[in-house]
Amino acid sequence: MSPDPKQQAELESRIRAYVGVDVGEPWVAPDAVNEAMIRHWCVVMGDENPVYRDPVAAEKSVHGGIVAPPAMLLTWVMPPYIPPWSLPGAENEPAPNQEVELHRLMSSHGYTGVVGTNCEDEYHRYLRPGDRITATKVIEAISEEKPTPLGVGYFIDVRYVFRDQHGAVVGTELFRVLKYRPAQPAQAVASAAAAPAKPRRLRPPRGHDNAWWWEGIERGELLIQKCSACGALRHPPRPMCGRCQSIEWETVASGGRGTLHSYTVLHHPQVPGYDYPLVVALVDLEEGTRLVANLVGCKPDEIRIGMPVACRIESVDEELKLPVFRPTRVGG
Ligand code: ZN
């Protein structure tokens, strides 16, 4: 549905007032740059560069001692994932900062979708254990309204500036998001005279290497890729066998039975088009591969790792089918 031009003009003038605005208080790193956090980050990222972890090798390097990986910059000031005001007995939620205000304003005008699109870092010097980092954040730019495959929207650029204990800039990060009005299918909009069309789920990426798998789903078949040379099964679809490097492959149809290997329950952020709480399951198929899909038909507190599940291919909207798992009784 096209927005009312008057409301749109009002939104335009209100969002422009946010350009150049500093967001909230500076973020002060709770800990000085330290070797423990550097080590954990390197383990998670698989970075084995000795200048980050080996004091002897670092001493002999051009750095003369341990330094932090530059890409950790944001990590030092990152606020906790669970904000302190959401814990039991905590003080009330603080007033929203200007960035939250801007997002809420745009959401209230139908721009409910948000997706990160760009991240550009600049590093001015290596950080060393003992450095104390503070970051400030400014809303640097808001684009004109642009059409995108997700829907029309605005690109919002936020710039972080990181400073050390002497006030010197050690790096910056530009983070761009698209705040968009989720695209609606033309027919659905036309027929939605009474009720607004339900937003659709995000489309799964489909390309040269996995289109065949989605075509199988559309026919109601859950297919698994099988190496024609060594017989190894693999999922998600990819061009080469990880075991023998053959690029010859065929498919086998899965019976759709499996067991729950792991799962996560999503509560936030709520993306339009999905029902929450949304259970994302990692399923071990009987045939021997794993698959990520939604688990439905049971409450989150009834879910148990290892429980038997079965797949059905279901239409989630007028053009998208997805494999969906449900718990099954043993022997059922
Ligand atoms: Zn193979």
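This tour goes through a predicted model, from a group of paired strands to aromatic rings and then to charged side chains.

**The strands around β5**

Begin by selecting strand β5, residues 169-180, which is mostly covered, with nine of its 12 residues buried. Add strand β2, residues 113-123, and you will find that β2 and β5 pair in the antiparallel sense over 10 bridges; at Gly113, the residue standing opposite in β5 is Tyr180. Now bring in strand β4, residues 153-163, which runs antiparallel to β5 and is joined to β5 by 11 bridges. Here Tyr180 in β5 appears again, as the bridge partner of Gly153. Between β4 and β5 the hairpin has five residues, and in this hairpin Gly167 takes a positive phi near 85°.

**Aromatic rings**

The structure holds five aromatic pairs, and two of them can be visited here. Select Tyr160 and Phe162, whose ring centres are 6.1 Å apart and whose planes meet at 15°, so that the pair is stacked. Both Tyr160 and Phe162 are buried, and together with Trp27 they form one aromatic cluster. Go next to Trp213 and Trp214, where the centres lie 5.0 Å apart and the planes are at 90°, so this pair is edge-to-face; Trp213 and Trp214 are both buried as well.

A ring can also face a charge: select Tyr111 together with Arg181, and you will see Arg181 lying over the face of Tyr111, at 4.7 Å from the ring centre.

**Charged side chains**

The count of salt bridges comes to 17, and a few of them make useful stops. In helix α1, residues 5-16, select Glu10 and Arg14, which are four residues apart and therefore separated by about one helical turn. Their side chains meet in a salt bridge at 3.5 Å, N to O, and while Glu10 is partly exposed, with a relative accessible area of 38%, Arg14 counts as partly exposed at 42%.

Then select Glu314, which is buried, with a relative accessible area of 18%. The side chain of Glu314 meets that of Arg312 in a salt bridge of 3.3 Å, N to O, and Arg312 is exposed at 52%. Glu314 also meets Arg326 in a salt bridge, at 2.5 Å, N to O. Because Glu314 lies in strand β12 (residues 308-315) and Arg326 in strand β13 (residues 321-327), this pair ties together parts that are 12 residues apart in sequence. Arg326 counts as partly exposed, at 31% relative accessibility.

For a last stop, select Arg200, Arg203, Asp317, Glu318 and Glu319, which are linked in a network of salt bridges.

Methods: Residues numbered from 1 in each chain as written. Predicted model: local features only at pLDDT ≥ 70, side-chain atom pairs only at ≥ 80, totals over all residues. Heavy atoms only, no water. Buried < 20%, exposed > 50% of the residue type's maximum accessible area, 1.4 Å probe, protein only. Helix = DSSP H or I, 4+ residues; strand = E, 2+ residues; numbered from the N terminus. Pairing = 2+ DSSP bridges. Phe/Tyr/Trp six-rings, centres within 6.5 Å; stacked < 30°, edge-to-face > 60°. Lys NZ or Arg CZ within 6 Å of the ring centre and 35° of its normal. Salt bridge = Lys/Arg side-chain N within 4 Å of Asp/Glu carboxyl O.
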